[in-house]
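Trainee: Got a minute to go through this one with me? I'd like to look at a few spots together.
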Amino acid sequence: MAEPSLSSTNTPRNEAALQARLLLRAARSAALGTVGADGLPSVTLVTPATAPDLSVLMLLSSLSEHRRNLERDGLCGLMVTGVATDANPQTAPRLSLGGRASLVPLEEDARLRQRWLAAHPYAEGYAGFLDFALWRFVPERAHFVGGFAQAHRLSLDALRPPPDAVMAVAEAEAQLLTDCDAAQAEALALAAGGVAGVWRLLAVDPDGCDLASDAVSIRVAFATTVMTAEQARAALHKPSVRPAP
């Protein structure tokens with residue numbers, strides 16, 4: 001049975017789940033909570049990206065305490081935060097996730113590392129250093145606050161994108177990236193309110209796409225979640241974006 005909503009507002013659960021998913025997709029920094037060697041909690045900043053299925057990717061150095069913590073115990077928490085709507089920080093949307101992180105298997109590393117780099121193109125120069133490895137965090141619990149007094153416990157089925165859509169877009173992604181020309185990428189960047197630049201399309205998923213210009217990245221959220229490759233192609237050709245959560 002799904003957990004009851006904690007919200008005191010009339011925000012529908014499915015809309016809250018969608019807002020939470022878009023917030024996570026767009027996040028370029030997050031707070032990661034791990035368990036230290038002394039048994040005490042430790043919180044640090046990490047730079048996440050999302051895989052097509054919404055699992056969270058993190059490039060972590062073996063020199064960092066949080067990676068050593070995860071090597072001992074993959075149980076951890078992650079929190080991403082949006083922008084407050086006024087002077088009260090509690091008006092900012094935020095998503096707290098509990099789950100487990102593990103090292104990405106070698107056979108998946110190249111594909112998912114490119115996905116991470118689509119969100120963090122500035123890291124191209126050090127992403128291949130031997131002390132860095134890609135980790136994947138899989139949520140097992142989700143709590144979303146859409147603003148002041150707008151709390152929801154979300155089921156993972158509601159939070160994640162439809163599996164059929166994930167598969168359909170993933171299978172077409174390479175062709176979609178190849179077919180996107182400079183003018184189309186520029187139109188996507190303008191639709192997202194991006195700064196001027198020479199934009200490249202680097203990643204596509206059912207909820208949107210990632211563009212990069214040199215070291216700068218922009219997340220573009222599609223107006224609706226696309227379910228097929230054809231819908232993804234149409235969304236890329238006629239960009240219409242959702243407002244940021």
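Trainee: Which helix does Arg113 lie in?
Mentor: Arg113 belongs to helix 3, residues 106–119. Helices here are DSSP runs of H or I with at least four residues, strands are E runs of at least two, and both are numbered from the N terminus.
Trainee: And is Arg113 buried or exposed?
Mentor: Arg113 counts as buried because its relative accessibility is 15%. Buried means under 20% relative accessible area, exposed over 50%, and partly exposed in between, with a 1.4 Å probe and protein chains only.
Trainee: What does Arg113 touch?
Mentor: Leaving out residues up to four places away in sequence, Arg113 touches Leu59, Ala127, Gly128, Phe132, Ala133 and Leu134. Contact means heavy atoms within 4.5 Å.
Trainee: Before I go on, what kind of model is this, and how are residues numbered?
Mentor: This is a predicted model: local features need pLDDT of at least 70, side-chain atom pairs count only at pLDDT 80 or more, and totals for chains, interfaces and linings use all residues. Residues are numbered from 1 along each chain as its sequence is written, and side-chain values use heavy atoms, with hydrogens and water left out.
Trainee: What's the mean pLDDT of the protein chain?
Mentor: The mean is 91, and 92% of the residues reach 70 or more. pLDDT is the predictor's confidence in each residue, from 0 to 100.
Trainee: Where does pLDDT stay under 50?
Mentor: Over residues 1–11. Where pLDDT is low, don't read the predicted coordinates in detail.
Trainee: New topic: how many aromatic pairs are there?
Mentor: The count is 1. Tyr126 and Phe132 form that tilted pair, at 5.3 Å centre to centre and 40 degrees between the planes. The rule takes rings of Phe, Tyr and Trp (its six-membered ring) with centres within 6.5 Å; planes under 30 degrees apart are stacked, over 60 edge-to-face, and the rest tilted.
Trainee: OK, strands. Which side chains of strand 5 are buried?
Mentor: In strand 5 (residues 75–81), Cys76, Leu78 and Val80 point to one face and are buried, while Leu75, Gly77, Met79 and Thr81 point to the other and are not.
Trainee: How many bridges join strand 5 to strand 6?
Mentor: There are 7, and strand 6 (residues 94–103) runs antiparallel to strand 5. Two strands pair if DSSP finds at least two bridges between them. Met79 stands opposite Ser96 in strand 6.
Trainee: And strand 1?
Mentor: Strand 1 (residues 30–35) is joined to strand 5 by 3 bridges, also antiparallel, with Leu32 opposite Leu78.
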